[in-house]
Structures are given as structure tokens and as C-alpha cells.
Amino acid sequence: MKVEDEEFEDFVDRVDEVEKTIKALLDGKIDVDSMDKKEQEIKRKQQETEEKKKKKQEEQRKLAKRMERNQERKKWGFAGRWCPRCKKDEYKILEDVYGPDESAWPAEVPSTCFSTQCKDVEPPVLLLSPEERRNELQNKVEELKQERVKKALARDRWNKWKSTQKYKRAGVEWEECYERWDKWLPSDDEEVCWVAACYG
């Protein structure tokens, strides 16, 4: 709405200006040289407004791209291709290397990581495509789910075993009193001596 209102006001101003100029020419108040100057001024103003419109459109396009990347980052944690070594997406790498101004970025991004941490690594680190990175993240999620289930089962087994400890089990009194236990079971040393005596 605001842009249309500004355009309409500009149009009305130009119509008023043309009307005044025509009246002044008819009355002989303005000469042709001053008309040429006014015409040049009008053309200059039109060019300025067109340049402003182009700048606004470019800024809106860049803002839309940034918002799209930020939404993708919020959803997946990265935008575009991903470097598995330095743990950055290609746009973060571009910002680090070339700065935040997108006009300074190269038109085509290489398929290998060019960040300051990875550029000297041999062999070059390949950037993962978004699909490969998403698959990698999904696999990690599945592994974490399985690990969580295993931990829950182990915790449940531990709790069950711990709950049985409050009851007296058969033979517990023998475990606590080793002298009585030794009366019923011979020691290992005696068994070794007996085996040595029989077979020795």
C-alpha cells in the first residue's frame, strides 16, 4: 500500500508540474533553455526513483533469501551444503571467508570446503549435499533412540534387581558368615591337595 501511495503522489506531482509548465509557456514566462533544464531534472528524478525501487527490490530479495536460510537452519541446523570437518554450512563459510555482504560472494561455490580450517587439508573435504546431511542426521536420531531404549531396559532391570535385595534370599546367611560356610564346603586348597594325592 505504501509503495502505491508514493507512486500515485509522484504521478500527481508530475502532472501538476507539466500543467504549470504549459501555462508558463503559453504566458511567455519561461524560455526554452529553462525547459530543457527542467526536463533534465525530471529525468534525473525518475532515474533516482527507479534506482531506489531496484535497490528496495534487491534488498527484499536478499532479506527473503536470508529468512529462508534461517528457517532451514532452525529446522535442520544448517542451510545448503555441509562441511563435516569444520561443522559449518556453505553460507556460514561464505560469511566467514568473504564477509556478510552477499554481493562479494562468488557466483558459484566450489564442491569442496574452502573455509580457513579446511582449505589446506589434503585430500580436500567434500561438502555434503542437503539430502546426505539430512540422512546422516536421521541416522543419528535413530541411533540415539535405540540407545535410549537400551538404557531404559537396563535401568528397569537394575530397579527390579534392586527391589529384590530387600527380601532375604535362601543362603544369604551363609554368605555373611564364612566360618559356617566353610564347614559345609571344603576349601579349594584341600581339594587341590586331595587331587595331588590321588593322581600325583
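# Reading pockets, helices and core

Q: Which element gives the largest share of the lining of the second largest pocket?

A: In this predicted model, helix α2 supplies the largest share of that lining, with seven residues.

Q: How much space lies in the second largest pocket, and which residues are closest to its centre?

A: The second largest pocket holds about 310 Å³ of space. Its lining is made of 18 residues, and those closest to the centre are K65, R69, Y91, E102 and W105. If we ask which elements give two or more residues to this lining, they are α2 and α3. Sorted by class, the lining has seven nonpolar, two polar and nine charged residues.

Q: How should I read the largest pocket, beginning with how much space lies in it and which residues lie nearest its centre?

A: The same steps can be followed here. About 650 Å³ of space lies in the largest pocket, and of the 19 residues that line it, E6, D10, R14, K45 and T49 lie nearest the centre. The elements that give two or more residues to this lining are α1, which covers residues 2–27, and α2. Helix α2 again has a part to play, since it gives the most to the lining of the largest pocket, 12 residues. By class, 13 of the lining residues are charged, four are polar and two are nonpolar.

Q: Stepping back, how many helices and strands are there in the protein, and how do the elements run from the N terminus on?

A: The protein has seven helices and two strands, and from the N terminus on the order of its elements is α-α-β-β-α-α-α-α-α. To read how the chain comes together, one may look at contacts between residues at least 6 apart in sequence, and in this protein 43% of those contacts join residues at least 24 apart.

Q: What share of the residues in the protein is buried?

A: A residue counts as buried when its relative accessible area is under 20%. By that cut-off, buried residues make up 16% of the 200 residues in the protein.

Q: Is K62 buried or exposed, and which residues is it in contact with?

A: K62, found in helix α2, which spans residues 32–76, has a relative accessibility of 19% and therefore counts as buried. Once neighbours within four places in sequence are left aside, K62 is in contact with D101, E102 and S103.

Q: Which residues of helix α3 are buried, and where on the helix do they fall?

A: Helix α3 runs over residues 90–98, and its buried residues are E90, I93 and L94. When the helix is seen down its axis, these buried residues fall within an arc of 100 degrees, so they line one face of the helix. What covers the buried residues of α3 includes the strands β1, at 82–83, and β2, at 88–89. Just after α3, G99 takes a positive phi of about 100 degrees.

Q: Which residues make up the largest nonpolar core, and what does I93 touch?

A: The largest nonpolar core has 11 residues in all, namely C83, C86, I93, L94, W105, V109, C113, F114, C118, V125 and L127. To see how one member is placed, take I93 and set aside residues up to four places away in sequence, and what remains in touch with I93 is C83, C86, K88, C113, F114, S115 and L127.

Q: Where is P84 found, and how far apart in space are P84 and V125?

A: P84 is found in the loop between β1 and β2, and with a relative accessible area of 30% it is partly exposed. Although P84 and V125 are 41 residues apart in sequence, their C-alpha atoms are 7.9 Å apart in space. Not counting neighbours within four places in sequence, P84 is in contact with V125, L126 and L128.

Q: How would the reading go for L25, and which residues is L25 in contact with?

A: L25 is found in helix α1 and counts as partly exposed at 40% relative accessibility. L25 and M35 are 10 residues apart in sequence, with a C-alpha to C-alpha separation of 9.0 Å. Beyond its neighbours within four places in sequence, L25 is in contact with I30 and M35.

Notes: Residues are numbered from 1 along each chain as its sequence is written. This is a predicted model: local features need pLDDT of at least 70, side-chain atom pairs count only at pLDDT 80 or more; totals for chains, interfaces and linings use all residues. Side-chain values use heavy atoms; hydrogens and water are left out. Buried means under 20% relative accessible area, exposed over 50%, partly exposed in between (1.4 Å probe, protein chains only). Helices (H or I, at least four residues) and strands (E, at least two) are DSSP runs, numbered from the N terminus. The arc is that of the directions from the helix axis to the C-beta atoms. Contact means heavy atoms within 4.5 Å. A nonpolar core is a set of buried Ala, Val, Leu, Ile, Met, Phe, Trp, Tyr and Cys residues joined through side-chain atoms within 4.5 Å. On a 1 Å grid over the protein atoms alone, a cavity is a set of points where a 1.4 Å probe fits but cannot get out, and a pocket is an open set with protein on both sides within 12 Å along at least five of seven lines; lining residues have an atom within 4 Å of a point. Grid points are joined across faces, edges and corners, and a volume is the space filled by probe spheres set on the points. Ala, Val, Leu, Ile, Met, Phe, Trp, Tyr, Cys and Pro count as nonpolar, Asp, Glu, Lys and Arg as charged, and the others, Gly among them, as polar.
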